Each structure stands twice: as C-alpha cells, then as structure tokens.
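These are my notebook entries on a single protein chain. I set out to look up side-chain burial, ring pairs and nonpolar cores.

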Amino acid sequence: QAMAPLHPVAVQCQEAQLVVTVHRDLFGTGRLVRAADLSLGPASCLPVAQNPTQDTVTFVAGLHECGSTLQMTPDSLIYKTSLSYKPTPSGNLVIVRTNPVVVPIECHYPRKSNVSSNAVQPTWAPFRSTLSAEERLKFSLRLMDDDWSTERLSHGFQLGESLHLQADVASEGHVPLRLFVDHCVATLSPDKDSSPRYAFIDRSGCLVDGRADDTTSTFISPRPRQETLQFVVDAFKFAGDDRNLIYITCHLKVSLADQAPNPWNKACSFNKASSLWAPVEGTGDICSCCETGNCP
C-alpha cells in the first residue's frame, strides 16, 4: 500500500549469518504488529533485539540455523528461510485484524570466489587458489553396460537382470585419491529420506544387499583404477508398489590413495561361498562391522 515503508523487511547476508530487520508497520497501515508474533524459519526463532524508537525488530541467525535449507547451483550457494508473521488475539479477544504473512528470504553466495569480507593481503595465497583442488573434485555415478565399456543408454531393467553401477571421481591434478561409496539408498521419490527406502550399501561401505538370499550383488575387485569403484546390484522393486521407477542416491567420498582402507573407508562384499565379508582392498578385519552392524 501507499503508506507502507519502502522496505518493511531488510536482509543482510553476512559471512556466516544473516540479519533480518523488520519494520513493525509491516502492512503500511500505521498499525504496528506485535514483535512476539514474528519468527524466523521453520524453527520459529525469536528476535534478538527491538528498537522502539524506529519500531523495528531484528533477527540474527547463522546460515545453518533456524531450519534454513541450502540449495547448490553450479555457481552459487543459496541459503533459504522465511520470516513468518502469525497474528494472535490480544487480551481476551477472539478476533485478529491482520492476515498471517510468510516472507521468503534468500542469501546467495558465490561458490568459486573469496567470500571473506577481509581484504586479502598481497603476501597471502589467495583464498580461491587454496580451495582450487577441492573445487576440482568431480564425482559421478553412472549406469554402465555389462562389460563396463560405455555408459548404458537405457535405464530400464527387467527383474532378474543386474545394475552395473560405476562411481568415479575426477581429481584434475590432485594428489592420488581412492574413491569409496559410503552408502546408497533406493526410494520411490527423489527425496532420499522418503519412505519406503532400501539401503543396499550401508555401514560406511558394506554392500549389504549381497547378504540377502539369492542375490549376487558385489563390488568388482580389483578396481580398474583407484578413482573408480564398480559394483553390481540385482534389479529389484518395492513390494506392494506398482510403480516401475526407483531413485538411487549414493554418498561418495575419497581418501588419500596411500592411506590404508579402514572401517571408515572401505568397500566390502559378502562372499556366499565362504560366508565371509571381503574388502576390495585392505585386510578382512575392516569388514567385521558389516556383520555386527557396529560400524563407526
């Protein structure tokens, strides 16, 4: 409205936190909203300060606080939250005279630049160059043909067939690295936390699907190279569900290639012939937690 303040909600995106300043004349009607009816984020964080002379309320929250979410694009990190106004009746009245409001808030940060507010001294190594090795790690997970030679063009499978999955990391001049698949989960929606869900790799690198009866799921040993890990999983679908589409989400990670595999970084398959867990590399004891479930 014409009487509304030019910017009733102002946001400062700082290095590790955001500062939201709200004018209590939120609707521009001259009627001030109650500070107690304002909150930040899904966690309903309360304001940290009020300025009675300017009729403003201030929120200060870390970028990861108050239930904010993070979205990553090729160029930006976007932290999203919202300011909520939920009017409550005052006194003994059972009516309110304003509508609830949700104001979306976003802070955008470049992924590939120095985001520090401090000037970089000429004698320092630029912040961007010190992170260049991390920026160049490119992870991929692909469905491959049965001979692992090329990426599979079709993503359709018949029950009884096997999925040939290949995880890779391109390090582009980084020190030698070894790739691991920490866990993989299958779901009926892109949300990896949705239900039903089936974790076929779990416990920091145990291919638990191979432990089930009548499966041949396994990691391929030896690796073609340290930056690649291949594994085969028998095709499956969710019981009692007629949908023919599943989503697979995997968490990939790397360790230094000269670091011996351990219970945190391992690739273990269940050998049905010996009834033992066996690692792609390393000693057999690193797989012991695959059976007990007491993995670190």
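Entry 1. I looked up the accessibility of Tyr-198 in this predicted model. Its relative accessibility is 28%. Buried requires under 20% and exposed requires over 50%, so Tyr-198 counts as partly exposed.

Entry 2. I then turned to aromatic rings and found six aromatic pairs in the structure. I recorded that a pair of aromatic rings is described by the distance of the centres and the angle of the planes. For Tyr-198 and Phe-236, the ring centres are 5.4 Å apart and the planes stand at 80 degrees, so I entered the pair as edge-to-face. Tyr-198 belongs to strand β12, whereas Phe-236 lies in the loop between β14 and β15; the two are 38 residues apart, and the pair thus links distant parts of the chain. I also noted that ring pairs join Phe-200 with Tyr-198 and Phe-236 in a cluster.

Entry 3. Which residues touch the most other members of the largest nonpolar core? That core has 23 residues, and Phe-200 is among those with the most such contacts, as are Val-181, Cys-184, Ile-201, Phe-219, Leu-229 and Phe-231. I noted that β10, β11, β12, β14 and β15 each supply at least two residues of this core. I also found a second, separate core of 19 residues, including Val-22, Leu-63, Tyr-79 and Tyr-85.

Entry 4. I listed the contacts of Val-181 beyond four places in sequence; among them are Ala-167, Ile-201, Leu-229, Phe-231 and Cys-250.

Entry 5. Last, I looked up charges over rings. Arg-152 lies over the face of Phe-157, 3.9 Å from the ring centre. Arg-211 lies over the face of Phe-270, at 4.2 Å from the ring centre.

Notes
Residues numbered from 1 in each chain as written. Predicted model: local features only at pLDDT ≥ 70, side-chain atom pairs only at ≥ 80, totals over all residues. Heavy atoms only, no water. Core = buried A, V, L, I, M, F, W, Y, C linked by side-chain atoms within 4.5 Å. Buried < 20%, exposed > 50% of the residue type's maximum accessible area, 1.4 Å probe, protein only. Helix = DSSP H or I, 4+ residues; strand = E, 2+ residues; numbered from the N terminus. Contact = heavy atoms within 4.5 Å. Phe/Tyr/Trp six-rings, centres within 6.5 Å; stacked < 30°, edge-to-face > 60°. Lys NZ or Arg CZ within 6 Å of the ring centre and 35° of its normal.
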